[in-house]
Amino acid sequence: MFRAFIALISLSTLVILVALPGVNRVAAAAQDKKQQNTKPQETAEPKETPKPIEPKPSGDVKFTAEQIVESVILVYGSRPALEQIRRYGVERGKITRYNAEGNPEEANYERRFVRGENLEKDKIRLDQKLPTMEYSLIYDDGKLWGMINGAAFTPRQDATADFISQHHHSIDSLLRYKECGATITLVGKEQQKGLDLYVLDLVDKEKRKTRFYISARSLRVLWLDYDEGPPGGTPVHYTRKFLDYRIVQQTLVPYRVQLSVDGRQSQETQVLTITYGVKVSDSIFKNPEA
């Protein structure tokens with residue numbers, strides 16, 4: 001299987017895969033987990049995961065942003081595999097939100113999606129079940145609307161901004177940077193929280209900037225951060241941590257995501273099941289009042 005993956009990537013990508021220390025993903029994940037303790041963790045992959053050759057690099061080899069990101073894409077499943085396997089999907093889990101006093105509120109969710117040619121063209125339906133009501137948020141053609149008890153409504157401006165922001169400041173924005181016309185820049189290599197990291201900035205066509213912190217050993221995205229706020233207002237700092245990585249249909253997925261706002265944990269998403277390749281009807285994204 002590893003030879004098949006190598007056939008899908010360019011020569012420049014192959015260079016980094018051979019030279020980057022820790023490209024053996026099983027050993028790398030275990031080492032990262034040792035170092036992190038209670039910090040953003042990575043989970044070792046199943047034993048059947050292929051083990052690429054890990055030669056010892058000589059000297060301080062430097063890589064470009066593109067080489068690093070293309071290798072990250074390969075680790076997550078390769079561009080052709082991600083496009084084919086994740087074209088449709090259904091994800092179910094639990095969302096825990098924390099209010100200003102730190103009290104949690106839990107909701108079950110179901111997320112159905114159709115992958116578009118870029119993030120703007122994605123179709124997403126997020127159904128949430130709260131103790132007092134059930135409602136849906138639907139993203140289609142770059143716009144967001146909602147439904148409560150079968151009736152369409154316009155979400156609050158802050159809810160719309162949060163949904164679209166989390167969609168564009170995501171791992172997917174890095175894995176699909178070429179499709180979205182984004183630019184990537186290597187900030188440098190540094191050590192934080194006992195981890196060796198590649199730090200990259202991504203700026204999309206709307207000038208949204210996301211900073212990614214990528215394990216230099218396993219090439220997994222451990223966390224990202226970004227600043228957003230109303231025009232002329234004080235920007236808010238967001239951090240999203242990705243934990244409990246697992247293999248789903250030959251692609252890599254974090255099963256736990258924590259969101260912090262200005263250093264305070266705001267939300268945690270726990271995935272229970274994900275199934276890719278399930279046909280999703282376009283009708284569930286249509287506004288009945290449009």
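Here is a short chat between a student and a tutor about a predicted model and the terms used for it.

Tutor: Ground rules: this is a predicted model, where local features need pLDDT of at least 70, side-chain atom pairs count only at pLDDT 80 or more, and totals for chains, interfaces and linings use all residues. Residues are numbered from 1 along each chain as its sequence is written, and side-chain values use heavy atoms, with hydrogens and water left out.

Student: What makes Arg 87 and Glu 83 a salt bridge?

Tutor: The rule asks for a side-chain nitrogen of Lys or Arg within 4 Å of a carboxyl oxygen of Asp or Glu. The closest N and O atoms of Arg 87 and Glu 83 are 3.6 Å apart, so the pair passes. By this rule the count comes to 22 salt bridges. Glu 66, Glu 70, Arg 79, Lys 178 and Glu 179 are even linked in a network of them.

Student: Why is Arg 87 called partly exposed?

Tutor: Buried means under 20% relative accessible area, exposed means over 50%, and partly exposed is in between (1.4 Å probe, protein chains only). Arg 87 has 34%, so it gets the middle label. Its partner Glu 83, at 38%, is partly exposed too.

Student: And how do you know whether Glu 110 and Arg 92 are buried or partly exposed?

Tutor: Glu 110 has a relative accessible area of 19%, so it counts as buried. Arg 92 has 40%, so it is partly exposed. Their side chains meet in a salt bridge at 2.7 Å, N to O. That pair links distant parts of the chain, 18 residues apart, with Glu 110 in strand β2 (residues 104-114) and Arg 92 in strand β1.

Student: What makes β1 a strand, and how do you know that it pairs with β13?

Tutor: Strands (E, at least two residues) and helices (H or I, at least four) are DSSP runs, numbered from the N terminus. Two strands pair if DSSP finds at least two bridges between them. Nine bridges join β1 (residues 88-98) to β13 (residues 264-276), so they pair, and they run antiparallel. Ile 95 stands opposite Thr 269 in β13. Strands β12 and β13 also run antiparallel, joined by six bridges, with Leu 259 partnering Gln 267 in β13.

Student: Where do residues other than glycine take a positive phi?

Tutor: Lys 193 does, at about 55°, in the loop between β7 (183-192) and β8 (195-203). Gln 249 does as well, near 50°, in the loop between β11 (236-248) and β12 (251-261). Lys 193 has 38% relative accessible area and Gln 249 has 37%, so both are partly exposed. Asp 262 also has a positive phi near 50°, in the β12 and β13 hairpin, which has two residues between the strands.

Student: What makes the second largest pocket a pocket, and which residues line it?

Tutor: On a 1 Å grid over the protein atoms alone, a pocket is an open set of points with protein on both sides within 12 Å along at least five of seven lines, and lining residues have an atom within 4 Å of a point. About 370 Å³ of space lies in this one. Its lining includes Gln 157, Asp 158, Arg 208, Glu 228 and Tyr 238. Helix α6 (residues 157-168) gives the most, with six residues. Arg 208 also forms a salt bridge with Asp 204, the closest N and O atoms being 2.7 Å apart. Asp 204 is at 13% relative accessible area, so it is buried.

Notes: On a 1 Å grid over the protein atoms alone, a cavity is a set of points where a 1.4 Å probe fits but cannot get out, and a pocket is an open set with protein on both sides within 12 Å along at least five of seven lines; lining residues have an atom within 4 Å of a point. Grid points are joined across faces, edges and corners, and a volume is the space filled by probe spheres set on the points.
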